[in-house]
Amino acid sequence: MRSTGMKMKRGSLCLVVAVFVLSACATPSPAPNEATRAELTPTGKLRFGLVAGAERTEFLVVKNVDGQPEGVPVELARELASRLGAPVEFKVASSALELTEMLLGGKIDSAIMPPDNWGARRIDFGTFYFVDRDAYLVAPRSRLRTSDEVDSLRVRVIGVEGSAAYRAAARRLKKTRVTPVDSVEAALEMLRTGQADALAFTYASLAALVGRVPGSRILEGSFERAGLAFAVPKNRLYALDYVTIFTEFAKDSGLVQRAFDNAGLKNSQPAKPDSTAPVFWSFAPEQDRARDRDGLVTAMR
């Protein structure tokens, strides 16, 4: 792939697996090169964005007694920073929208978020490390039974502003509208106090939050497939390459599963390996050839 090809949009490229193999004398180290470090740690540290919630989930983190974030994204970010040879600085937000704005404003270098088309037009995403579905949590004493029943004029739907689930619900609901709220805590309070009937969010997050609203429950069915992935600013192709290959390594090596287990998410499993995502071998920019992804994942061990 020529240097001009590196400027192509990520969506127009296809991963080539095991087509070309570098000669033994030209085989690069799997360690990140200076171009990768420059894009992921431009200040000398990895500034990583997180979303705080009431409970640990595959996406949300909590703060410990010292005010430090804990959870799955924290563990993954620390391992990523370790491999970059840089310290990590966490910046905690209240929503994925806030993280997007921080990435666009250059305040953070990477984050973990649920990708969707709206987000992909603004930032770039690696492959999924977790696959989920969007669903609804309904208030106590609700008569709703399935996700399809939510689309009614009498149902007051809310969603965390800027979240992929909020946008998906707003796009799919035709007879009612989704009211945005600024945080998960605000959404739960509206359900508790009867100000809303249904909260649109990812199933995994709702499963962890349902106990916070006594009598609430998750409706049968779902309205959109969802997932979680590393995000980086647009036009940072070395960074995109690195977080994508790191994600595949983290799934393959058991790192993601250990992070789930440590967070108490015993029933959660990593997403399946993704061999179709467009990925560059940017660790060695002087080489104009594609590398076998499986070989790279193995090399990172």
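This is a short walk through the interior of the structure above, from its nonpolar cores to its aromatic pairs, a cavity and two residues in loops. Please keep in mind as you read that the model is predicted.

Let's begin with the nonpolar cores. In soluble globular proteins, nonpolar side chains tend to be buried together. Here the largest nonpolar core has 68 residues, and the members that touch the most others are Tyr129, Leu199 and Phe201. Helix H8 makes the largest contribution to this core, giving eight residues. A separate core of 15 residues lies apart from it, and Val155, Tyr166, Ala198 and Ala200 are among its members.

Helix H8 is a good place to stay for a moment, and it leads us to the aromatic rings. Across the whole structure, a search turns up six aromatic pairs. A pair of aromatic rings is described by the distance of the centres and the angle of the planes. For Phe246 and Phe249, the ring centres are 6.2 Å apart and the planes meet at 45 degrees, so this pair is tilted. How do these two residues sit along the helix? Phe246 and Phe249 are three residues apart in helix H8, which covers residues 237–253, so about one helical turn separates them. Both side chains are tucked away from solvent by the numbers: Phe246 is buried, because its relative accessibility is 0%, and Phe249 is buried as well, with a relative accessible area of 5%. The two also belong to a wider group, since Phe48, Phe230, Phe246 and Phe249 make up one aromatic cluster.

Elsewhere, an aromatic ring has a charged partner. The charged end of Arg133 sits over the ring of Tyr203, at 4.0 Å from the ring centre.

Now for the empty space. The structure contains four cavities of 30 Å³ or more, and the largest of them holds about 70 Å³. Which residues surround this space? The lining of the largest cavity consists of Phe59, Ala96, Pro114, Asp134, Ser163, Ala164, Ala165, Phe201, Thr202 and Ser205. Helix H5 (164–172) and strand E9 (198–202) are the elements that each supply two or more of these residues. By character, the lining has six nonpolar residues, three polar ones and one charged. You may recognise Phe201, which lines the cavity and is also one of the residues with the most contacts in the largest core.

Phe59, another residue of the lining, deserves a closer look. Its place is in the loop between strand E1 (46–52) and strand E2 (60–63). Is this loop residue buried or exposed? Phe59 is buried, because its relative accessible area is 8%. Phe59 and Ser205 are 146 residues apart along the chain, yet their C-alpha atoms are separated by 7.5 Å.

We can finish with the backbone. Most residues other than glycine have a negative phi, and most peptide bonds are trans. Arg141, however, has a positive phi, near 70 degrees. This arginine lies in the loop joining strand E6 (123–138) and strand E7 (157–160), and Arg141 is exposed, with a relative accessible area of 78%. Asn235 also has a positive phi, near 65 degrees. Its loop runs between strand E11 (224–233) and helix H8, which brings us back to the helix of the Phe246 and Phe249 pair. Asn235 is exposed, with a relative accessible area of 67%.

Methods: Residues are numbered from 1 along each chain as its sequence is written. This is a predicted model: local features need pLDDT of at least 70, side-chain atom pairs count only at pLDDT 80 or more; totals for chains, interfaces and linings use all residues. Side-chain values use heavy atoms; hydrogens and water are left out. Rings of Phe, Tyr and Trp (its six-membered ring) pair if their centres lie within 6.5 Å; planes under 30 degrees apart count as stacked, over 60 as edge-to-face and the rest as tilted. Helices (H or I, at least four residues) and strands (E, at least two) are DSSP runs, numbered from the N terminus. Buried means under 20% relative accessible area, exposed over 50%, partly exposed in between (1.4 Å probe, protein chains only). A charge sits over a ring if NZ of Lys or CZ of Arg is within 6 Å of the ring centre and within 35 degrees of the ring normal. On a 1 Å grid over the protein atoms alone, a cavity is a set of points where a 1.4 Å probe fits but cannot get out, and a pocket is an open set with protein on both sides within 12 Å along at least five of seven lines; lining residues have an atom within 4 Å of a point. Grid points are joined across faces, edges and corners, and a volume is the space filled by probe spheres set on the points. Ala, Val, Leu, Ile, Met, Phe, Trp, Tyr, Cys and Pro count as nonpolar, Asp, Glu, Lys and Arg as charged, and the others, Gly among them, as polar. A nonpolar core is a set of buried Ala, Val, Leu, Ile, Met, Phe, Trp, Tyr and Cys residues joined through side-chain atoms within 4.5 Å.
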